Amino acid sequence: MKHVPKPTTDDDLIKQFLDNGGKVSKGKTKPMPDELGLSNNVWGNKLTREEKAAKKAK
């Protein structure tokens, strides 16, 4: 599969945006919910208070 750059990504437009006071920043993300486990037997099971406290203490 070829990766062809889109014609809408124009270096001149990006340069104008940055010259006019625009800035590029990295956004913040939320932490993953505790219910998302790595194995099928954990998936969807909420953590107990003790498990949440142990995870938060790390």
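Ile14, Phe17, Leu18 and Val24 form a nonpolar patch on the surface, and together they offer about 410 Å² of accessible area. Such a patch is made of residues with over 30% relative accessible area and no salt bridge, where nonpolar side chains (Val, Leu, Ile, Met, Phe, Trp, Tyr) are joined within 5 Å and like charges within 9 Å. This is a predicted model, in which local features need pLDDT of at least 70 and side-chain atom pairs count only at pLDDT 80 or more, while totals for chains, interfaces and linings use all residues. Residues are numbered from 1 along each chain as its sequence is written, and side-chain values use heavy atoms, with hydrogens and water left out.

**The chain as a whole**
- The protein chain has 2 helices and 0 strands, these being DSSP runs (H or I, at least four residues, for helices; E, at least two, for strands) numbered from the N terminus.
- Of the 58 residues in the protein chain, 2% are buried, where buried means under 20% relative accessible area, exposed over 50%, and partly exposed in between (1.4 Å probe, protein chains only).
- The accessible surface of the protein chain is about 6500 Å², with 57% of it belonging to carbon and sulfur atoms, as computed by the Shrake-Rupley method with a 1.4 Å probe.

**Val24**
- Val24 lies in the loop between helix H1 (11–19) and helix H2 (49–57), and it counts as exposed because its relative accessibility is 72%.

**The salt bridge**
- The count comes to 1 salt bridge, meaning a side-chain nitrogen of Lys or Arg within 4 Å of a carboxyl oxygen of Asp or Glu.
- Asp19 forms a salt bridge with Lys15, their closest N and O atoms being 3.3 Å apart.
- Asp19 and Lys15 both lie in helix H1, 4 residues apart, which is about one turn of the helix, and both are exposed.
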